[in-house]
Amino acid sequence: MAQGLDAFDAASLAVRLHGLAGDGYRAENGGPIGLSASATIPGLSRALNCLLAGN
């Protein structure tokens, strides 16, 4: 919402980014075991950068 999105779009983007971060972690580490909150933050950054780049 701080980026100018309405509440629904902000929540939708957050859900999408969280899923992409989990998918990225699974691909890099061979599975979901060990994913922590602190490991999610870099994944969110990578996922958002990929979306902004059109990937």
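**View 1. Gly-54, just past the end of helix 2.** In this predicted model, Gly-54 comes right after helix 2 and has a positive phi of about 85°.

**View 2. Helix 2 from end to end.** Helix 2 runs over residues 37–52. How far apart are its end C-alpha atoms? They sit 23 Å apart, and that agrees with the 22 Å you should get for 16 residues at 1.5 Å a residue.

**View 3. The two sides of helix 2.** Look for Thr-40, Gly-43 and Ala-47 here: these residues of helix 2 are buried. They share one side of the helix, because the arc they cover around the axis is only 65°. That fits a handy rule: an α-helix has 3.6 residues a turn, so residues three or four places apart point the same way. Now check the other side of helix 2, where Ser-38, Ile-41 and Leu-52 are exposed. And what lies over the buried residues? The cover includes helix 1, residues 7–29.

**View 4. Zooming in on Thr-40.** Is Thr-40 buried or exposed? Its relative accessibility is 13%, and since buried means under 20%, Thr-40 counts as buried. Leaving aside residues up to four places away in sequence, Thr-40 touches His-18, Ala-21 and Leu-35.

**View 5. Thr-40 and the backbone of Ser-36.** Here you can follow the side chain of Thr-40 to one of its polar atoms, which lies 2.9 Å from the backbone oxygen of Ser-36. Thr-40 itself belongs to helix 2.

Technical notes: Residues numbered from 1 in each chain as written. Predicted model: local features only at pLDDT ≥ 70, side-chain atom pairs only at ≥ 80, totals over all residues. Heavy atoms only, no water. Helix = DSSP H or I, 4+ residues; strand = E, 2+ residues; numbered from the N terminus. Buried < 20%, exposed > 50% of the residue type's maximum accessible area, 1.4 Å probe, protein only. Polar contact = N/O pair within 3.5 Å; in protein donor to acceptor, adjacent residues only side chain to side chain. Contact = heavy atoms within 4.5 Å. Expected span 1.5 Å × (residues − 1). Arc of directions from axis to C-beta.
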